[in-house]
Amino acid sequence: MPGFFPLRLPTALLGLVLAFGLSACGINNVPTLEEHAKSAWSEVQNQYQRRADLVPNLVETVKGFAQQEREVLTQVTEARAKASQIQVDASTVTDPEKFRQFQEAQAQLSGALGRLLATVERYPELKSNANFLALQSQLEGTENRIAVARRDYIESVRAYNTELRTIPGRWIAAILYPSAKPMETFAATSGAERPPQVKF
């Protein structure tokens, strides 16, 4: 019995050294960064949902004042419906085609909202309406939140994708996390470099 403890002590110390060594070598980086990126993606979806929830209220508020602007209101409603129809789940961020469809639908909704808010400039009584001003403020705040959420997601995906493409993360992912795939990131929509034209 006295010789039993001296043998167990070095084994226990070796186990502790290996555990600390593995945790320090980044063995958990891939799943940690993946979960962080997924969480950031959920926040992007949350902000898009917030915008989609506000759109019907904005459309209803504008309808009473802008009877002749039915085309713009219809475009906003259709763009919201299309954006809401796209099924989004965790696989969206690793599927380039699904991601592109999602991004295009959200860009169409952004463009339709921009045209609606530009159209509203023709109606001074609407611009001074407290309900409209509150909704407009909410939409502007939502657009800012979307921009921040997208920026955070882009940074999370950059860290995750870099881990998957660099050593030792690439080796660790190949051995321990073979299902890990690079995630898609946002790109500016075509024509985004040009300022929108507002015509009255």
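**Helix 7 and the surroundings of leucine 126**

In helix 7, which spans residues 169-176, the buried residues are Gly169, Ile172 and Ala173. Viewed down the helix axis, these buried residues fall within an arc of 100 degrees, so they line one face of helix 7. An α-helix has 3.6 residues a turn, so residues three or four places apart point the same way. The model described here is a predicted one.

The buried residues of helix 7 pack against two other helices, helix 2 (29-63) and helix 6 (130-165). On the face turned away from this buried side, helix 7 carries the exposed residues Trp171, Ala174 and Ile175. Trp171 and Ile175 also belong to a nonpolar surface patch, together with Ile167 and Leu176. The accessible area of the four residues together is about 460 Å². Within this patch, isoleucine 167 is located in the loop between helix 6 and helix 7. Its relative accessible area is 47%, and isoleucine 167 is therefore classed as partly exposed, a category that lies between the limits of 20% and 50%.

A second site concerns leucine 126, a residue of helix 5 (residues 124-127). Leucine 126 has a relative accessible area of 0% and is buried. When its neighbours within four places in sequence are left aside, leucine 126 is in contact with Thr61, Val62, Phe65, Val120 and Phe132. One of these contacts, threonine 61, is 65 residues from leucine 126 in sequence, while the C-alpha atoms of the two residues are 8.6 Å apart in space.

Notes
Residues are numbered from 1 along each chain as its sequence is written. This is a predicted model: local features need pLDDT of at least 70, side-chain atom pairs count only at pLDDT 80 or more; totals for chains, interfaces and linings use all residues. Side-chain values use heavy atoms; hydrogens and water are left out. Buried means under 20% relative accessible area, exposed over 50%, partly exposed in between (1.4 Å probe, protein chains only). Helices (H or I, at least four residues) and strands (E, at least two) are DSSP runs, numbered from the N terminus. The arc is that of the directions from the helix axis to the C-beta atoms. Contact means heavy atoms within 4.5 Å. Patches are made of residues with over 30% relative accessible area and no salt bridge: like charges are joined within 9 Å, nonpolar side chains (Val, Leu, Ile, Met, Phe, Trp, Tyr) within 5 Å. Accessible areas come from the Shrake-Rupley method with a 1.4 Å probe; for residues, only the protein chains shown count as cover. A salt bridge is a side-chain nitrogen of Lys or Arg within 4 Å of a carboxyl oxygen of Asp or Glu.
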